[in-house]
Amino acid sequence: MLEVLSVASEAFPLIKTGGLADVVGALPAALAPHGVSMRTLLPGYPKVMAGLEGGRELSVLDNFFGGSARLVAGRAGGIDIIALDAPHLYDRPGSPYLNPSGVDWSDNWQRYAALSFAAYELGRGLVEGYQPQILHCHDWQAGLVPAYVRYNAPIPAKTVLTVHNIAFQGLFGWEIFNGLRLDFRAAGEQSIEYYGRISYLKAGLQTADALTTVSPTYASEIRTAAFGMGLEGLLRARADSLHGILNGIDTGEWDPAHDEKLVQGYSVATIADRQRNKDALCARFGIAPGKGPMFAVVSRLTWQKGLDLLLPLCDSLVAQGATLVVLGSGEPGLEAGFRAAAERHPGRIGVQIGYDEAVSHLIQGGADVMLVPSRFEPCGLTQLYGLRYGCVPLVSRTGGLADTVIDANAAAVEAGVATGVVFAPVDQDALDEALRRTIALYERPGVWQKMQRRGMKSDVSWAASAEKYADLYRDLLGIERDADFDD
Ligand code: ADP
């Protein structure tokens, strides 16, 4: 088996703020059939330490980024975890990244440098009998790992960095440099510098052996000024090392036939049973049952997600007979905007501000349309859950949304390949038009149900992508693809 250490700041089911956690949590099981044994290194947040089953100490790290720490191995949700138990860094309530006032913890530079350094130490063979061959790093929080490998004492492991969202770059002032334990040569080169500051993401992009991002379209987009957020030049220079590998979903966790968070399970053959979930959803969100489609949002409420474009269209949606449920949290202006829309339209618009995993499942299993009008979307998972649950996705044509949903234009409907509604450009007029088109499609039950069924049957699993990751690992290690990997 190939030994891979996945390094991330969150993983479902222990700690989740977004899609990153779902992906990190799903990868180990997805990769196992491809001869990959994956352990996942996580910060020892309270939820991680509490959720760890059968924890056993692997190593003690004295004087570790301002305190003493331990590496503790255990299992959770069927995956092998190594937790970096460092109470001075992680034993804090609430969000992993933000303090109770909603601002980044001021020592985040140290919290994630420590995570990355621990990965490097594991790669150096810190724990007897455990030698990862690949360090697979996720996002800026693990971005320093390849930099440690490049500049500190060399280690045998190869590095892969996956960009889940290039908007988050881990930017800090140079005053932190001496606290990083990064060889001083790193300061003399361009690798970690980003417009006068240090960027953990750029450090990783510059130094990892291979780069991946979570969809082919996003892999192209981030090489352009419109999407690269200042890193497009570097990504163009490293184009040969950059791979777009589409995210899949955990089809066990997200299975409408066996989802205990639904009121009623269903399959393609029993799709009419969805109605019971819709009824429950109506009750939960105070929506009066009616004839029109029920649109839904399950999202971080941020500029990225384009939901400010939806707000002014709420009145028109209701006027057309549709209803809307929103589950999300984020920017105060958007939260207030959706609350106000719900107050204007009691019984037609329902809003729950906050994070609620169970309700997110019920929405997928009961609503008619999953709205994802993002300005940019590296992959997006909610449209994939939507496909699997017969909650038809309405998405903007960007990133992974463009790669996963086939627009119901006349030709696609005729050919029987449509799985949702796709619009561009990402502006209010185009969204308005897409909402109207969706309502018109909903009014043709035959067409609509075919679209639902097709989505439910489409392959949103990890099967194809897991193989691509496994191939990439083997390429880096110079192992033949078809070699017998059991040793
Ligand atoms: P991102 O990672 O940019 O937030 P994704 O679509 O990739 O977007 O993943 C979002 C994940 O977070 C999905 O699993 C979605 O169901 C979940 N999610 C987002 N907001 C909420 C919420 N308020 N309550 C429950 N789950 C949510």
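Strand E13 (residues 294-301) and strand E16 (residues 369-372) pair in the parallel sense, joined by 2 bridges. The model in which this pairing appears is predicted. Both strands belong to an open sheet of 6 strands, and a buried residue, Asn 165, is described after that sheet.

**The pairing and its sheet**

- Where E13 meets E16, Phe 295 stands opposite Val 369 of E16.
- The order of strands across the open sheet is E15-E14-E13-E16-E17-E18, and the pairing is parallel.
- Strand E15 (349-353) and strand E18 (421-423) form the edges; each has a single partner strand, so one side of each is left without a neighbour in the sheet.
- From one strand to the next, the twist averages 15°.

**A helix on the sheet**

- Helix H11, which spans residues 274-285, packs on the sheet and touches E13, strand E14 (323-330) and E15.
- The direction of helix H11 makes an angle of about 75° with that of E15.

**The surroundings of Asn 165**

- Asn 165 is found in the loop that lies between strand E7 (158-163) and strand E8 (171-172).
- Asn 165 counts as buried because its relative accessibility is 6%, and the cut-off for a buried residue is under 20%.
- A polar atom of the Asn 165 side chain lies 3.0 Å from the backbone nitrogen of Ala 167.
- Leaving aside residues up to four places away in sequence, Asn 165 touches Asp 139, Tyr 218, Arg 300, Gln 304, Phe 376 and Pro 378.
- One of these contacts leads back to the sheet: Arg 300 is touched by Asn 165, and strand E13 covers residues 294-301.

Notes. Residues are numbered from 1 along each chain as its sequence is written. This is a predicted model: local features need pLDDT of at least 70, side-chain atom pairs count only at pLDDT 80 or more; totals for chains, interfaces and linings use all residues. Side-chain values use heavy atoms; hydrogens and water are left out. Two strands pair if DSSP finds at least two bridges between them. Helices (H or I, at least four residues) and strands (E, at least two) are DSSP runs, numbered from the N terminus. Axes are lines fitted to C-alpha atoms, for helices over the stretch in contact, and angles run from 0 to 180 degrees between N-to-C directions. Contact means heavy atoms within 4.5 Å. Buried means under 20% relative accessible area, exposed over 50%, partly exposed in between (1.4 Å probe, protein chains only). A polar contact is a pair of N or O atoms within 3.5 Å; within protein, one must be able to donate a hydrogen and the other to accept it, and residues adjacent in sequence count only if both atoms are side-chain atoms.
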